[in-house]
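Subject: the structure I promised you

Hi,

Here is the structure we talked about, followed by my notes on what turned up in it. Have a look at it first, then read on.

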Amino acid sequence: MTTLDASPLAQTGLAFPAGFRWGTATAAYQIEGAATLHGRTPSIWDTFSHTPGRVLNGDTGDTAADHYHRMAEDVALLKRLGVSDYRFSVAWSRVRPTGRGPAARRGLDFYRRLVDALLAAGIRPVATLYHWDLPQELEDLGGWPVRETAERFAEYAGLVAGALGDRVADWTTFNEPWCAAFLGYASGVHAPGRTEPEAALRAAHHLNLAHGLGTAALRAVLPRTAEVSLTLNLHVVRPLTRSAADLDAVRRIDALGNRLFLDPVFHGRLPEDLVRDTAGVTDWSFVRDGDLAAAAAPIDWLGINYYAPTVVADAGPPEPAGALAQEGPSPWVGAEERVRILPAPGPRTAMDWPVDAGGLHELLVRLRDELPGVPLMITENGAAYADYADPEGDVHDPDRIGYLHGHLASVHRAIEDGVDVRGYFVWSLLDNFEWAYGYSKRFGLVHVDFATQRRTPKDSARWYADVIARGGLPA
Ligand code: FCB
């Protein structure tokens, strides 16, 4: 990978602080494949993707990007990028089949080899314990809506920390518990595909509890210098108008999308307005004494995944029956009838998500004010575009470069505004299994031909390598 002539960033571009961590992120089910190898048992995503109609084109993660067998090649790609950090996730049912059985030595060995390869390449591993792949057997016992799942998670966290804690300094309990709870159990577009509003609220609570119990289990095993974190997909919610009704719609979505996680984890409480708004769905009696204090176990940094903002409006008077084309069950439990989610303006990615880098700055400044003293890490940011390899074998992705440039400039502006952002991870290293969209959406800096598993760095990979080498953005 070529590095452009370095120019003094202070005059021409945007320099990031010394020690800023530059990384890429992936998740186990999206890249590993080897779904039945070495004792791995099915996760809810194996079951879901093998259920007809759930994933576009019937795609599954059976082979994915075959990272399980191509790990060394992928670490070499990371080294060429020059990243300081790599965020990956551990597949629970690979290291503890069925979710509650004995540890699987060969599964753990895979992650030991990965971490050793990263360290040998001078790359810091950041391990996420849960990126949505609950062992199917635990779902069969009730899944996240039951509290035992949180207890099993804490056991699993301790087990993985025991195996890797001597060489992994950075740990994240959960990736985006909002998605696990509300896409998994309310709208049902993600595994396990249930559409039970009360179960989704139970799941959210038990995910918060599991985060706290897992944090304690990690601390019990890890050296004192280890850092424990949580990654949230906080929502940047904008009102359609400044009307009181539209602002109230913002409040409802902010409660469900943000405060339901931030309040327990950082303040040991539930948002009162949310408890009130969801009274018709649940009385929250599944929250036991001590749960919220457990959820508030102190963490070392908060991970932020940001892609796009959300525009909302008051739903207005009820329409006559049948007047509105429903798009299936809503993830917004308790707010379905009161809030309309609207398409945000602006250019779009292949996900049809609007490109709005200003939203990231807005979110970071909010967190600076609401969570003083909590360091932040951008654990995911990136974009899907319809990339293809041209006859010369090159992949030109100027839109992704534009997206990343704009969002990094936003992060830089936030740092200048006093936000403590420690690092930035591009989603994703590789094109991969994009959940319900299967292989149809490409987020990688590196193109993957899924028929041959050939990896081709896109133009954006060369661009990102240059940013890292410069320590900032070119002018
Ligand atoms: C995030 C997920 C990640 C990927 C990106 C596009 O919500 O954490 O796995 O799917 O979206």
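Let me start with a small puzzle: which residue is the bridge partner of Ala313 in β10? Before I get to that, please keep in mind that this is a predicted model.

The small sheet

The puzzle sits in an open sheet of three strands, ordered β7-β9-β10, and its pairing is mixed. The edges are β7 (237–239) and β10 (339–342), each of which pairs on one side only. From one strand to the next, the twist averages 40 degrees. Strand β9 covers residues 310–314 and pairs with β10 in the antiparallel sense, over four bridges. And the partner you were looking for is Arg340: that is the residue in β10 that bridges to Ala313.

The barrel

Then there is a closed barrel. Eight strands make it up, in the order β2-β3-β4-β5-β6-β8-β11-β12, and the pairing is parallel. Here the twist from one strand to the next averages 25 degrees.

Going round it, β2 (residues 21–25) pairs with β3 in the parallel sense over three bridges. One residue pair to look up there is Thr24 with its bridge partner in β3, Tyr86. On to the next pair: β3 and β4 (residues 124–130) run parallel and are joined by five bridges. Across that pairing, Asp85 stands opposite Arg124 in β4.

β4 in turn pairs with β5 in the parallel sense over four bridges, and Ala127 has Trp171 as its bridge partner in β5. Four bridges also link β5 to β6 (residues 227–232), again running parallel; in this case Thr172 has Ser229 as its partner in β6. Further round, β8 (residues 301–305) and β11 (residues 376–381) run parallel and are joined by four bridges. Asn305 stands opposite Glu380 in β11, and both names come back below in the list of residues around the ligand.

How covered are these strands?

How many of the residues of β5 are buried? Six of the six in residues 170–175, so β5 is largely enclosed by the rest of the structure. β3 (residues 85–89) is mostly covered as well, with five of its five residues buried.

In a regular strand the side chains alternate between the two faces of the sheet. For β3, Asp85, Arg87 and Ser89 point one way while Tyr86 and Phe88 point the other way, and all of them are buried.

Take Asp85, which is found in strand β3. Is Asp85 buried or exposed? Its relative accessibility is 1%, and the cut-off for buried is under 20%, so Asp85 counts as buried. The C-alpha atoms of Asp85 and Val126 are 6.9 Å apart, with their positions 41 residues apart along the chain.

For contrast in the chain-versus-space sense, try Pro197 in helix α10 (residues 197–221). Pro197 and Leu159 are 38 residues apart along the chain, and their C-alpha atoms are separated by 32 Å. Pro197 is partly exposed, at a relative accessible area of 34%.

Thr26 is another one to click on. It is found in the loop between β2 and α2 (28–31), and at 1% relative accessibility it counts as buried. Its side chain makes a polar contact of 2.6 Å with the side chain of Tyr86.

The ligand

I kept the part you will probably open first for last. Around the ligand you will find Gln30, His131, Trp132, Asn175, Glu176, Asn305, Tyr307, Glu380, Trp427, Glu434, Trp435 and Phe443. By type, this shell divides into five nonpolar, four polar and three charged residues.

Some distances to check in your viewer:

- Gln30: a polar side-chain atom lies 2.8 Å from an oxygen atom of the ligand.
- Glu176: an N or O atom of the side chain is 2.6 Å from a ligand oxygen atom.
- Glu434: an N or O atom of the side chain is 2.8 Å from a ligand oxygen atom.

As for cover, the ligand has 290 Å² of accessible area on its own, and the protein covers 95% of that.

That's what I have. Shout if anything looks odd on your side.

Cheers

How values were computed: Residues are numbered from 1 along each chain as its sequence is written. This is a predicted model: local features need pLDDT of at least 70, side-chain atom pairs count only at pLDDT 80 or more; totals for chains, interfaces and linings use all residues. Side-chain values use heavy atoms; hydrogens and water are left out. A residue is near a molecule or strand if one of its heavy atoms lies within 4 Å of it. A polar contact is a pair of N or O atoms within 3.5 Å; within protein, one must be able to donate a hydrogen and the other to accept it, and residues adjacent in sequence count only if both atoms are side-chain atoms. Accessible areas come from the Shrake-Rupley method with a 1.4 Å probe; for residues, only the protein chains shown count as cover. Ala, Val, Leu, Ile, Met, Phe, Trp, Tyr, Cys and Pro count as nonpolar, Asp, Glu, Lys and Arg as charged, and the others, Gly among them, as polar. Buried means under 20% relative accessible area, exposed over 50%, partly exposed in between (1.4 Å probe, protein chains only). Helices (H or I, at least four residues) and strands (E, at least two) are DSSP runs, numbered from the N terminus. Two strands pair if DSSP finds at least two bridges between them. Axes are lines fitted to C-alpha atoms, for helices over the stretch in contact, and angles run from 0 to 180 degrees between N-to-C directions.
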